[in-house]
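This briefing looks at how two parts of one protein chain meet. Please keep the sequence and the model in view while reading.

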Amino acid sequence: MRSPIAEVPTWPEDVRARYRALGYWTEESFADFVADRTARFAGHTAVVGVDAHGRPQRWTYADLAEQADRAAARLADAGVEPGDRVVLTLPNVVEFVAVVLGLFRMGALPVFGLPSHREVELTQFCTIADAAALVVVGEADGCDHVALHAAVAERLRGQGVEPPALVDVREWAQSREVRDQRPAAGGRAAEDVAFLQLSGGTTGVSKLIPRTSADYLYSVRASAEICGLDEACVMLVVLPAAHNFPMSSPGILGVLHTGGTVVLARDPSPRTAFALIEAERVTTVALVPPLAQAWLSAARRRTPDLSSLRTVQVGGARLSDSVATQIGPVLGARLQQVFGMAEGLVNYTRDDDPDEIVTTTQGRPISPDDEIRIVDADDREVPPGEEGRLLTRGPYTIRGYYRADGPNRDSFTADGFYRTGDLVRQLPSGHLVVTGRDKDQINRGGEKVATEEIEGLALTHPGVLDAVAVGLPDPYLGERICLVVRPQPGRAGDDDLAAQIPGHLRAAGLAAYKIPDQVVTLDTFPATHVGKNSRRELRRLLTGQLTGQLTGQLTGRLPGQPPVPTTT
Ligand code: OOB
């Protein structure tokens, strides 16, 4: 028996009543959503992609309903019950959609992990969520996820936490029949928490984001409308499907809401993506800035047939204005900028916005009831048009993380605004321009990494006295991760130490996208006036670096080869 789902901080009752009265929140739960759309669009093509064995699949909405029920029955066989939390690390295979809808149908809660997550992350998710199962795809992309489950289980047992059951979707197709019965309807109401999304993270421990059917489906319906989705839309999903952006902005759920077709790309390379666009006549796709750049250069070299493509969404990290202006001419599709967060607020540039707005802003909020405050360090509103910290509150922005009282005090104001940690300015039209960030996070090409998490693990290396992670400007990733370590006395100037750190972090079980792109050793760290390490000063020194006063003190992998393309 797993613990029941925890209470979460929520909207005050008068606010909830208002969101209902305005029609933002309806009584539709995700279980209702699945039943309704799969019946309504039964004969249409819902999902195209490959399965866990790499075999091509093409499912109608009716097939999808059946696959979701089968997935639910399999999960029930593995001991999953309504209300249980289930961590997924599936890549973009068709089973991903079946498992998510199956969990919704049975009233269990997906926890959206990534295939790139390893022992460190998965152990945290399983602990916080008290997960009943971990759903994986056997051995894939150079990782044995079954062995990974065993390693996570061992860590959990060491902490006195009961490990999750292993569910390997690769075994599903091979074993004979499943119990051919409808899963027990979970009976989760529209305003109950429906799943846990991952936060980008600003602390050493992951934070889980509780989203309800009512709040999330509002953002999905409104997004689908803003983006003009309909039954004819064909959306290519190249980013990891579990991310909030390809999931709901308007993403997979927006497409299923309107009866369109989701095409899952098993890898994000332009070669794979362009072939799918041609074959499936794809109309829309969501990219992060590094992928947008990769697509631009590939399209210039190859002249693929992208004539079906109407919209290219770019978000997850700041798109430079200069790259933005190339999207339309080179890809022959309209750019849409998307600035969102798994905690809630999503901004879009609109179809009828002037080109200038589309290429230089990150959009405006979905809802007239998204409240935006732009404040200074003392939470006082800055004059209109000036840069400040973005706070937000609204009908689909959470009021607190899952089981995280401490972080909630820092991340939310007393009156319920979420502190996004983003620096923005707002135009009179309402559009936001993202100008920077004020949070201990590195945005590596759209993947968010908490500096504290890398630093904490680096400190477990016996040669490391102190460590600071900084994001350095990178022409491709936007930011790359640089870890600065201060060696233990006696190891000063030790090149070998810097070289050992990436392997040390990998062995500790950290996801590959969090491994520093470069490691630098430095004998003394610049300090703030209160004597703490100054991340800002370090970043400044390292950015203008290797010429000025630091030369000679810096060793290690510098400046590093162009980093491996990230998938988001
Ligand atoms: C999306 O969600 P998360 O939760 O992975 O990351 C949110 C953070 C934002 O607070 C901001 O720091 C950054 O990612 N971000 C952007 C951006 N979009 C996200 N920074 C600059 N420009 C943008 N366009 O990343 C996400 C969720 C839903 C839709 C789109 C992205």
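Which side chain meets that of K514 in a salt bridge? In this predicted model, the partner is E121, with a separation of 2.9 Å from N to O. The salt bridge count between domain 1 and domain 2 is one, and the points below place that pair within the surroundings of the interface.

**Domains and their arrangement**
- The domain assignment of the protein chain yields domain 1, covering residues 30-188, and domain 2, covering residues 441-546.
- Between the C-alpha centres of domain 1 and domain 2 there is a distance of 35 Å, and the contact draws on nine residues from domain 1 and 10 residues from domain 2.

**Buried area**
- About 600 Å² is buried between domain 1 and domain 2, and carbon and sulfur atoms contribute 45% of that area.
- On the side of domain 1, the residues that lose the most area to domain 2 are S116, V120 and E121, which together account for 56% of what that side buries.

**Polar contacts and composition**
- Six residue pairs, with both residues at pLDDT 80 or more, are found in polar contact across the interface of domain 1 and domain 2.
- Helix α5, spanning residues 119-129, gives the most to the side of domain 1 that touches domain 2, supplying four residues.
- By residue class, the side of domain 1 that touches domain 2 comprises two nonpolar, three polar and four charged residues.

Note on methods
Residues numbered from 1 in each chain as written. Predicted model: local features only at pLDDT ≥ 70, side-chain atom pairs only at ≥ 80, totals over all residues. Heavy atoms only, no water. Domains from an automatic or database assignment. Contact = heavy atoms within 4.5 Å. Buried area = accessible area lost by both parts, 1.4 Å probe. Salt bridge = Lys/Arg side-chain N within 4 Å of Asp/Glu carboxyl O. Polar contact = N/O pair within 3.5 Å; in protein donor to acceptor, adjacent residues only side chain to side chain. Helix = DSSP H or I, 4+ residues; strand = E, 2+ residues; numbered from the N terminus. Nonpolar A, V, L, I, M, F, W, Y, C, P; charged D, E, K, R; others polar.
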